[in-house]
Amino acid sequence: MTHGVIDDRALVARAAGGSEVAYRELYRAYARPVYWIALGLVGEAADAEDVVQETFVVAWRKIPSLRLEGESLLPWLATVCRLQAQNRLRARRRHGSHAALDDEIPSLVDVEAQVVQAHTVAAILAAVDRLSDLDREIFRLCAAEGYGYAAAAASLGVSHGTVRNRLSRIRSRVRATAIETESP
């Protein structure tokens, strides 16, 4: 990896050769974007998590024969994810959970939009990783886990005002990062 950019071709080649470390790096890089694709397709978090796991199991089996055409592995993973989501929805329908769910699956996944979204998510995660330990914990508790200011302050042993002020600055930074990556 150079400058925080994933070299998918090198990682795919190493993973195809049996490198679990390379496969793990690919998983870490693309599990979140694949999850968001899956969630959009199946509509339920638990099913989306299952689809992500099934997608990466298929990827592990098929990566030795994969010829990566572009720079990113994400378009291929998005296609595998879409197929796994269709399987999941068919199984739901067979078991009587939902009716006519195949109609909800789009025939095409907008890969370009998914790549842009994945790039934005990666930039936001990198921005969060650059935060101080306290700021990262405030962000995790308030933004990711839904804690209120008082609950986060009590959990971290800081004042309510500290959480409120730092979270405001963190949100501004994250928002600016998202805007920068989405602008042409």
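**Group meeting talk: a walk through an all-helix model**

Okay, let's start with one residue, Arg88. If you skip its neighbours within four places in sequence, Arg88 is in contact with Val42, Asp47, Asp50, Val51 and Glu54. One of those partners deserves a second look: the side chains of Arg88 and Asp50 are joined by a polar contact of 3.2 Å. As for where we are, Arg88 sits in helix H4, which covers residues 74-94. And before I go on, please keep in mind that this is a predicted model.

Let me zoom out for a moment. What does the secondary structure come to? Eight helices and zero strands. Read from the N terminus, the order of elements is simply α-α-α-α-α-α-α-α, so to speak, a short list to remember. The protein has 184 residues, and buried ones make up 35% of them. On contacts, take the pairs at least 6 apart in sequence: 60% of those contacts join residues at least 24 apart.

Now back to H4 and its partner H2. Helix H2 is residues 20-42, and its axis comes within 9 Å of the H4 axis, with the two crossing at roughly 40 degrees. The crossing of H2 and H4 is right-handed. Who meets whom there? On the H2 side we have Tyr30, Pro33, Val34, Ile37, Ala38, Leu41 and Val42. On the H4 side they meet Leu74, Leu77, Ala78, Cys81, Arg82, Ala85, Arg88, Leu89 and Arg92. So our opening residue, Arg88, is part of this contact too. If you sort the residues of the H2 and H4 contact by type, you get 13 nonpolar, no polar and three charged.

That brings me to the cores. As a bit of background, nonpolar side chains in soluble globular proteins tend to be buried together. Here, the largest nonpolar core has 29 residues. Which residues have the most contacts inside that core? They are Val12, Leu26, Tyr30, Val34, Phe56, Leu73 and Leu77. The elements giving two or more residues to this core are H1 (8-16), H2, H3 (45-62) and H4. H2 gives the most, with 11 residues.

Val34 is a nice one to click on. Apart from neighbours within four places in sequence, Val34 is in contact with Val52, Thr55, Phe56, Leu74, Leu77 and Cys81. There is also a second, separate core, with 12 residues, including Leu131, Phe139, Ala153 and Leu167.

Before we go to that later part of the chain, one loop residue. Ile63 is in the loop between H3 and H4. Is Ile63 buried or exposed? Its relative accessibility is 1%, and the cut-off for buried is under 20%, so Ile63 counts as buried. Leaving out residues up to four places away in sequence, Ile63 touches Val12, Ala15, Ala16 and Leu26. Its C-alpha is also 8.5 Å from that of Ala13, although the two are 50 residues apart in sequence.

Right, on to helix H6, residues 133-144, and first to Asp135, which lies in it. Asp135 is a charged residue by type, so where does it stand? With a relative accessible area of 9%, Asp135 is buried. Its contacts, again without neighbours within four places in sequence, are Arg166, Ile170 and Arg173.

Leu141 lies in H6 as well. Leu141 is buried, at a relative accessible area of 2%. What does Leu141 touch, not counting residues up to four places away in sequence? Gly146, Tyr147, Ala152, Ser155 and Leu156. For Ala152 we also have a C-alpha to C-alpha distance from Leu141: 6.2 Å, with their positions 11 residues apart in sequence.

Last stop, helix H8, residues 160-182, where we find Ala178. Ala178 is buried too, with a relative accessible area of 15%. Beyond residues up to four places away in sequence, Ala178 touches Thr120 and Ile124. And the C-alpha atoms of Ala178 and Ala122 are separated by 9.6 Å, for two residues 56 apart along the chain.

That's my tour. If you open the model yourself, try Arg88 with Asp50, then Val34 in the largest core, then Leu141 in H6.

Technical notes:
Residues numbered from 1 in each chain as written. Predicted model: local features only at pLDDT ≥ 70, side-chain atom pairs only at ≥ 80, totals over all residues. Heavy atoms only, no water. Helix = DSSP H or I, 4+ residues; strand = E, 2+ residues; numbered from the N terminus. Polar contact = N/O pair within 3.5 Å; in protein donor to acceptor, adjacent residues only side chain to side chain. Contact = heavy atoms within 4.5 Å. Axes fitted to C-alpha atoms, helices over the stretch in contact; angles between N-to-C directions. Left-handed = near helix turned anticlockwise from the far one by under 90°. Nonpolar A, V, L, I, M, F, W, Y, C, P; charged D, E, K, R; others polar. Core = buried A, V, L, I, M, F, W, Y, C linked by side-chain atoms within 4.5 Å. Buried < 20%, exposed > 50% of the residue type's maximum accessible area, 1.4 Å probe, protein only.
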